[in-house]
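This report walks through one structure, going from single residues to sheets and then to cores. Please keep the sequence and the 3D view at hand while reading.

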Amino acid sequence: MTTIGPQPAAGPAAPEPADRAGLWSGLALGAVMLVIALVATLTGGGVGTGGDEARAVVAAGGTQTVEVTLVGMTITPSVIEVPAGTRLVLQVTNTDAMRHDLALETGQQTPLLATGESATIDVGVVDATVAGWCTVPGHRAAGMTLSIVALGAADAGSGAGVSAGSGHDMGSMTAGAGVDGADLQGDPGPDWRPYDPTLQPAPGATEHEVTMTVADTEVEVAPGVRQTLWTFNGTAPGPTLHGKVGDVFTITFTNSASMGHGIDFHAGSLAPDGPMRTIAPGESLTYQFVATNSGAWLYHCSTMPMALHIANGMFGAVIIDPPNLPAVDTELVLVHSELYLGAPGGTADEAKIAAEQPDAVVFNGYPNQYDHAPIEVGVGTRVRVWVIDAGPQRATAFHVVGAQFDTVFKEGAYLLRPGNAEHGASQVLDLAPAQGGFVEFVLPEAGRYPFIDHAMVDGERGAHGFFVAS
Ligand SMILES: [Cu+2]
């Protein structure tokens, strides 16, 4: 097979299933392979599992080989107890749909293993606890850790050996290495360009052919801060797609990045197994959906852990106009998201993501972007702002200071339309992560009207901009 199978949203991933039946047979096969591996080690290597497949106990003396399986964001066994002085060899097999590897703190490491591939690590004579993990971004934080515990060694029994790991474990995640105290009010660098918030008109045709390429892209994400984002077509947010109900979108999705990625369009309704599967670097897939319903729809990377992939730039919007949507003078798209700054030039900080502690909350990818590049609108003209909350974690309360919304469309329905005297007006469009909608308003006189996330802490850490009415 040339394709890589889908990953379930949670739980163990299956090796290369082509459909649901394949998924379940794949899971069963994986379980059988795991049992075979354990039986093999039990009979051949004198390894006991004590009824807990996550823990293997190796016989003392000589050379002992342990089969290690990489699947479903786990390393099995995750703890290997080795009597001190015993030589340990790891036979590592990846049975997962996505690529993994195994690195030890000794510096020994397998290559990146595709589905079904194996490699051997000769750990040598074990006389101290050794930590191991998968080096693919996010996988260690998601649970892909291994602890080789030396029984009878000086550090055994200290508790340091089990999955909590040696104290420095988290060091190779970016925890603590992230940029702190970014100057959110500072000036952008000389090469910075604002993200164009204008919603481009929907193409006349009802069939959209779109190429989406994910690549590692170094981007200025805040004043003085550059990060290597994983971008759709070079920017975060990725390109906004715009169409009408009934349009067909055919997406050619290509992975030109350094690790596996996938894509998930909320604007379509289909079985995710095939089109949302993770593809390896160098691969492409075709993802076709029909926009059967209007709305402000999120798209995002579908590869685990999604919190990291979204936080590192893999999100964007699909706008499907409700039928008979009137033209307006100014039509804009603002995608709300969070920044968890990693080391300079690095990727998003996984520990900050896990702690839900963003450094910045932003519209269209950059803190206070439209303070630096205010959005000009005409006095007395109608403005429509589409807002999508990409998250990965936080809600938004979109508000325009000095304005009232006479039209609110949220999650597929009008909550408010002008011309109905029974209605009042609206002050905030509230969106949970992945929700979207639009508001309309008219700015009554010349001036600078801030727009903010009225969750004030987030508004003050970058979810802020200006409309200038003149
Ligand atoms: Cu991704």
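His-100 is buried, because its relative accessible area is 0% and the cut-off for a buried residue is under 20%. The model discussed here is a predicted one, and in it His-100 has its place in the loop between β5 (87-94) and β6 (103-104). The side chain of His-100 makes a polar contact of 2.6 Å with the side chain of Asp-96. If neighbours within four places in sequence are set aside, His-100 is in contact with several residues, including Leu-70, Asn-94, Pro-111, Cys-134, His-139 and Met-144. In sequence, His-100 and Met-259 are 159 residues apart, while in space their C-alpha atoms are 9.8 Å apart.

Another histidine can be described in a similar way. His-300 lies in strand β16 (residues 295-300), and with a relative accessible area of 7% it is buried. A polar contact of 3.1 Å links the side chain of His-300 with that of His-266. When residues up to four places away in sequence are not counted, His-300 touches, among others, Phe-232, Gly-262, Asp-264, His-266, Met-306 and Phe-315.

The strand that holds His-300, β16, belongs to an open sheet of four strands with the order β12-β17-β16-β14 and mixed pairing. The edge strands of this sheet are β12 (241-244) and β14 (264-265), each of which pairs on one side only. How do the strands of a sheet hold on to one another? In general, they pair through backbone hydrogen bonds, in either a parallel or an antiparallel way.

A further open sheet, again with mixed pairing, has four strands in the order β11-β10-β13-β15. Here β11 (225-232) and β15 (284-290) are the edge strands, since each pairs on one side only. From one strand to the next, the twist averages 25°.

The table sets out some of the strand pairs, each with a pair of residues that stand opposite each other or are bridge partners.

| Strand pair | Direction | Bridges | Residue pair |
|---|---|---|---|
| β10 and β11 | antiparallel | eight bridges | Ala-222 and Val-225 |
| β12 and β17 | parallel | four bridges | Gly-243 and Ile-320 |
| β18 and β21 | parallel | eight bridges | Glu-331 and Arg-384 |
| β21 and β26 | antiparallel | seven bridges | Arg-382 and Val-442 |

Strand β21 thus pairs with β18 in the parallel sense and runs antiparallel to β26. Nine of the 10 residues of β21 (residues 382-391) are buried, so this strand is largely enclosed by the rest of the structure.

Turning to the nonpolar cores, the largest one has 57 residues, and those with the most contacts inside it are Leu-88, Leu-90, Ile-148 and Phe-265. Why does this core lie between two domains? Both domain 1 (20-172) and domain 2 (207-469) give residues to it, so the core lies between them. As an example, Ile-148 touches residues such as Ile-80, Val-82, Leu-88, Leu-90, Leu-104 and Val-123, if those up to four places away in sequence are not counted. A second core, separate from the largest one, has 27 residues, and Val-387, Ala-403, Val-408 and Leu-443 are among them.

Technical notes: Residues numbered from 1 in each chain as written. Predicted model: local features only at pLDDT ≥ 70, side-chain atom pairs only at ≥ 80, totals over all residues. Heavy atoms only, no water. Pairing = 2+ DSSP bridges. Helix = DSSP H or I, 4+ residues; strand = E, 2+ residues; numbered from the N terminus. Axes fitted to C-alpha atoms, helices over the stretch in contact; angles between N-to-C directions. Core = buried A, V, L, I, M, F, W, Y, C linked by side-chain atoms within 4.5 Å. Buried < 20%, exposed > 50% of the residue type's maximum accessible area, 1.4 Å probe, protein only. Domains from an automatic or database assignment. Contact = heavy atoms within 4.5 Å. Polar contact = N/O pair within 3.5 Å; in protein donor to acceptor, adjacent residues only side chain to side chain.
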